[in-house]
Amino acid sequence: MTAPRTITIVGGGLAGLTLGIGLRQRGIPATIFEASHYPRHRVCGEFISGNGPAVLERLDLLPLLERAGVIRVHSAQFISGANHSPVRQLSAPALGLSRYLLDATLADEFQRLGGELHSSSRRQENDFGEATIRASGRRAQSTENGWRWFGLKAHARNVNLSADLEMHVSPNDYVGVNRIDDGEVNICGLFRARTGARHRSGFDLLRGKPGSPLHEKLANAQFDEHSFCSIAGLSLAPHRALDTEECSIGDAVTMIPPVTGNGMSMAFESAEIAIDPLCRYSRGEINWPEVRDAIASACNAAFAERLIWARRLQWLMLSPVLRTPLAKILLNSDTVWNFMFAKTR
């Protein structure tokens, strides 16, 4: 009997590590190349909602995250200037855990299962041929329709939240503040600026403008400066997995607007989608083009509608509509909340 073929995964973030673990659970040899190291802070909402917890449960990873300190996130609230929604209970609890702990925990589990992990190791851009999966994160794009998108993240203590997750919306940004492990909150924002425009420093941007509800909420926050990180060149336009010749998962396929809080879930979901086709390929049951088409088609089917509605939600969050009297109606409507929450998951 021929030995199963090794699967190479480029990128050791959520999607790559979860895929590697799933392959090793099924006896498939897997190697991960990660350009960074563990543990590390990443710009991320650190909020796992939608289908993500169910994927983690099916892969028997929830007990692992419980030991790492994951918490349940039960409620959410949106705030736009003087307008705000009521505190709403999520239809199912989400999970909160820092990427600093989460990525390192998954990396340790992958290696415990016999996976080969090469950290601080970068692959060439043209090295994505057969038996190689791209899980290396977002597609870089300097500008989009004249806007430059960038993300910032930091952890803090001494923040009194009204809900487990608060989303603060302003004309050119939104900042999510949510509870995570060890009594901290994660403060993560998406910002846009016209090309060439100057902006305030990172911590000032995360704190919000003086006089805003966010600025008042974080007035006594004690920031962990070591947790601060940033990322630029974000592309938020939806992409289809079938539009590239590479076999990709996670943000390497497409990045969902962060306002949905669904990016981490999509990373886990796309990894789970890829496990079975890659196992079959590794055992010689199907060829590589069939693997690529199976993964891409399944990702498109799972995420296409979600991405369309996420794009609409992002437009709404940054549009002038949320700074008019209509905002009070929208933010207080249970129908709008339930519809958009369901459509973006």
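Me: A crossing is right-handed if the near helix is turned clockwise from the far one by less than a right angle. Left or right: which hand has the crossing of helix 7 and helix 8?

Reply: Right. In this predicted model, helix 7 and helix 8 cross in the right-handed sense.

Me: What makes helix 7 and helix 8 roughly antiparallel?

Reply: Their angle. The axes of helix 7 (residues 263-282) and helix 8 cross at roughly 160°. Angles over 145 degrees count as roughly antiparallel. The pair therefore earns that description. The two axes come within 9 Å.

Me: Which residues make the contact of helix 7 with helix 8?

Reply: Helix 7 brings Met-266, Glu-269, Ser-270, Ile-273 and Pro-277, among others. Helix 8 brings residues including Trp-288, Ala-298, Phe-303 and Arg-306. By class, this contact has 15 nonpolar, 1 polar and 2 charged residues.

Me: Why do Glu-269 and Arg-306 count as charged?

Reply: Asp, Glu, Lys and Arg form the charged class. Glu-269 of helix 7 and Arg-306 of helix 8 both take part in the contact, so each is counted there as charged.

Me: How do you know that the span of helix 8 is close to the expected one?

Reply: Compare two values. Helix 8 (residues 288-318) reaches 42 Å from its first C-alpha to its last. For its 31 residues, 45 Å is expected at 1.5 Å a residue.

Me: Where is the kink in helix 8 centred?

Reply: On Phe-303, with a kink of about 45°. Phe-303 is also one of the residues of helix 8 in contact with helix 7.

Me: Which hand has the crossing where helix 1 passes helix 7?

Reply: Right-handed again. The axes of helix 1 (residues 14-25) and helix 7 come within 8 Å and cross at roughly 35°. The contact includes Leu-14, Thr-18 and Gly-22 of helix 1 and Phe-268, Ser-270 and Ile-275 of helix 7. Its classes are 12 nonpolar, 3 polar and no charged residues.

Me: What is the form of the peptide bond from Tyr-38 to Pro-39, cis or trans?

Reply: Cis, with omega near -10°. Pro-39 sits in the loop between strand 2 (30-33) and strand 3 (47-48).

Me: What makes phi of Glu-46 worth a look?

Reply: Its sign. Phi is near 55°, a positive value in a residue other than glycine. Glu-46 belongs to the loop between strand 2 and strand 3.

Me: Which residues is Tyr-38 in contact with, leaving aside neighbours within four places in sequence?

Reply: Among them are Gly-12, Leu-17, Asp-103 and Leu-117. Contact here means heavy atoms within 4.5 Å. Tyr-38 lies in the loop between strand 2 and strand 3. Between Tyr-38 and Leu-101 there are 9.0 Å in space, C-alpha to C-alpha, and 63 residues in sequence.

Terms used
Residues numbered from 1 in each chain as written. Predicted model: local features only at pLDDT ≥ 70, side-chain atom pairs only at ≥ 80, totals over all residues. Heavy atoms only, no water. Helix = DSSP H or I, 4+ residues; strand = E, 2+ residues; numbered from the N terminus. Expected span 1.5 Å × (residues − 1). Bend = angle between axes of the 7 residues up to and from the residue. Axes fitted to C-alpha atoms, helices over the stretch in contact; angles between N-to-C directions. Parallel < 35°, antiparallel > 145°, perpendicular 65-115°, else oblique.
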